[in-house]
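Dear colleague,

Please find below the structure that I am handing over to you, together with its sequence. My findings follow it.

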Amino acid sequence: MSATIGTDSPARITLRIHPRDNVAVALTDLPAGRQVVVDDRDIALADNVRHKHKFTLKALSPGEIVTMYGVTVGKATRAIPVGGVISVDNVAHATESDDVQPGSKPWTPPDVTRFQGTTFDGFHRPDGSVGTANLWLVIPLVFCENRNIEVLRQCVADALGDDPYRDYKRMARQMLDGLGDTEQRDASDPLAAAAPTRFPNVDGVRFLTHTLGCGGTDDDAEALCQLLAGYICHPNVAGATVLSLGCQKAQIQMLKAAVAARDPQQRRTVDYFDQQSSPSEEALIRNALQSIFDGLAAADRIPRQPAPLAKLTLGVECGGSDGFSGISANPLVGGVVDRLVALGGSGILAEFPELCGVEHELVARCTDADVAGRFRDLMQAYQRHAAAVGADFSMNPSPGNIRDGLITDAMKSAGAAKKGGDGPVVDVLDYTEPHRRPGLSLLCTPGNDVESTTALAGSGANLIVFTTGLGTPTGNPVTPVLKIASNSELATRMRDIIDFDAGPIVRGERSIDELAEELLALCIEVASGRHRSHTQRLSQHDFIPWKRGVSL
């Protein structure tokens, strides 16, 4: 990254990300007529430029390419003067051809001397994988069982004294009683009691609900079973209790087959219960509760033990992105991925609609023609599906993205892809496929935050790092999620959901390399259970399967 500091102020006010770029980023609100210096050139701003937005470094004619991060991110739809702000009114989505050779982009791994020999404390599974958490899952095969899942959730929370909403319930009761939220905690209040440590080696029970399992296509049912199998066989999961109605399209045998494909030695404990075959609802609930408590007792016999960093698989995600995301938080996370890959670990980069426009960059990083071909095939199939229903990847940027300076999908993608670092792409996975190889893999998912994080965990990510510029509470039931703010204002304002601040990169106070080492160290602490991310603390357990329709 090359940076330019406006010399008319001691503070950094503009940033040119790549030497080939013909736009620069305003790091603070700049008025029309303001003189800024970019690469020793004086530029008078033709328009007011809000912070995070981009302005031209040369006059652009209609049809001329807009370049940022050194790649094409759009084209001018009308004349734009020097120092003119780019917007949806004068720039449209445009990309480069991906006609490049796989393996043509060299990579120099970062220095990882500091982390050589470092371990994390994880849960070793019989299949050789290592979890960053130790959980028991309770899963419905069909939405008809969601109510019974909720019954089990409340019963288990009461039995274990492990209600994640205890403090909020106390707050509501105090408000109703007119006590206010400053009332001292009453030691006799059952809601004030801390959760007991009956199962000290277990991180909890996770109850999933969803809206699928019946009424859709055979492919929908199969995809759901494959996703649920990915969760059941996840390194962070000790076993599962599964509820079925009986007559739904997603049958128990389908899920069993999907689990067997991932766990052929049947090392994972899974108990299945069918309501239509049960003598009563009470019997169903009783048997399911017994399964859960037996599972917790068995899981508690597994302690954390040291594991090499090669056993970490880092899923990377972004949501609520802003104009600084691709400058600070995303390349910071990419630096962590590169370090982890250099140490023998893995990264998974998802969100295919947000890779549109940088296909050529990723193809050049693919290790061989087969990997590159699969990436092209999945991207093209996704785009054809979108076109069939009148949609397009160019529709991906949200109003919030656009408001904060991400004008085109290609611009958003160029910044989003930075989360995957610069290392080789060793594999490409379709939705629900399990992670197979150490190194960086690409995973076909939509750009929807929760659908994508749900898929990352389903493919085996045992830790997720999630960047945001606007703020989002998204978490996951089985995988710890860390939130990285692209700017310090967000990190301060939403400090109850943000785990790490990448803002010093924007201000030029810290380098990406410096903060990447700090963030990797934090990842190791979370993976070891020594530090809880805010999504864990808030019990943010979001789970939305992708129905494989068009979700941009």
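How many bridges join S9 to S10, and do these strands run parallel or antiparallel? S9 and S10 are joined by 2 bridges and run antiparallel. Strands here, and helices likewise, are DSSP runs numbered from the N terminus (E, at least two residues, for strands; H or I, at least four, for helices), and two strands pair if DSSP finds at least two bridges between them.

Two remarks on the basis of these findings are in order. The model is predicted, so that local features need pLDDT of at least 70 and side-chain atom pairs count only at pLDDT 80 or more, while totals for chains, interfaces and linings use all residues. Residues are numbered from 1 along each chain as its sequence is written, and side-chain values use heavy atoms, with hydrogens and water left out.

Strands and hairpins

In the pairing of S9 with S10, Phe123 stands opposite Gly131. The two strands form a hairpin with 5 residues between them, and Gly128 in the turn has a positive phi of about 95 degrees. S9 is also joined to strand S15 (residues 305-308) by 4 bridges, and these two run antiparallel; here Asp121 is opposite Pro306.

Another hairpin is formed by S6 and S7, with 2 residues between the strands, and Tyr69 takes a positive phi near 60 degrees in it. Strand S6 (residues 65-68) pairs with strand S7 (residues 71-76) over 4 bridges in the antiparallel sense, and Met68 has Val71 as its bridge partner.

Parallel pairing is found in an open sheet of 7 strands, whose order is S18-S19-S17-S16-S20-S21-S22. Its edge strands, S18 (425-429) and S22 (500-501), each pair on one side only. Strand S21 (residues 481-485) is joined to S22 by 2 bridges, with Asp501 as the bridge partner of Ala485.

Salt bridges

The count of salt bridges comes to 27, where a salt bridge is a side-chain nitrogen of Lys or Arg within 4 Å of a carboxyl oxygen of Asp or Glu. One salt bridge is formed by the side chains of Asp127 and Arg268 (3.9 Å, N to O). This pair links distant parts of the chain, 141 residues apart: Asp127 lies in the loop between S9 (119-124) and S10 (130-131), and Arg268 in the loop between helix H4 (252-262) and strand S14 (269-274).

Helix contacts

The axes of helix H1 (residues 146-160) and helix H5 (residues 281-299) come within 11 Å and cross at roughly 50 degrees. Axes are lines fitted to C-alpha atoms, for helices over the stretch in contact, with angles from 0 to 180 degrees between N-to-C directions. H1 is therefore oblique to H5, since angles under 35 degrees count as roughly parallel, over 145 as roughly antiparallel, 65 to 115 as roughly perpendicular and the rest as oblique. Among the residues in contact (heavy atoms within 4.5 Å) are Val151, Leu152 and Cys155 in H1, and Ile285, Ala288 and Leu289 in H5. The residues of this contact divide into 13 nonpolar, 1 polar and 2 charged; Ala, Val, Leu, Ile, Met, Phe, Trp, Tyr, Cys and Pro count as nonpolar, Asp, Glu, Lys and Arg as charged, and the others, Gly among them, as polar.

The axes of helix H3 (residues 218-232) and H4 come within 8 Å and cross at roughly 45 degrees, which makes H3 oblique to H4. By class, their contact has 9 nonpolar, 2 polar and 2 charged residues.

Yours sincerely
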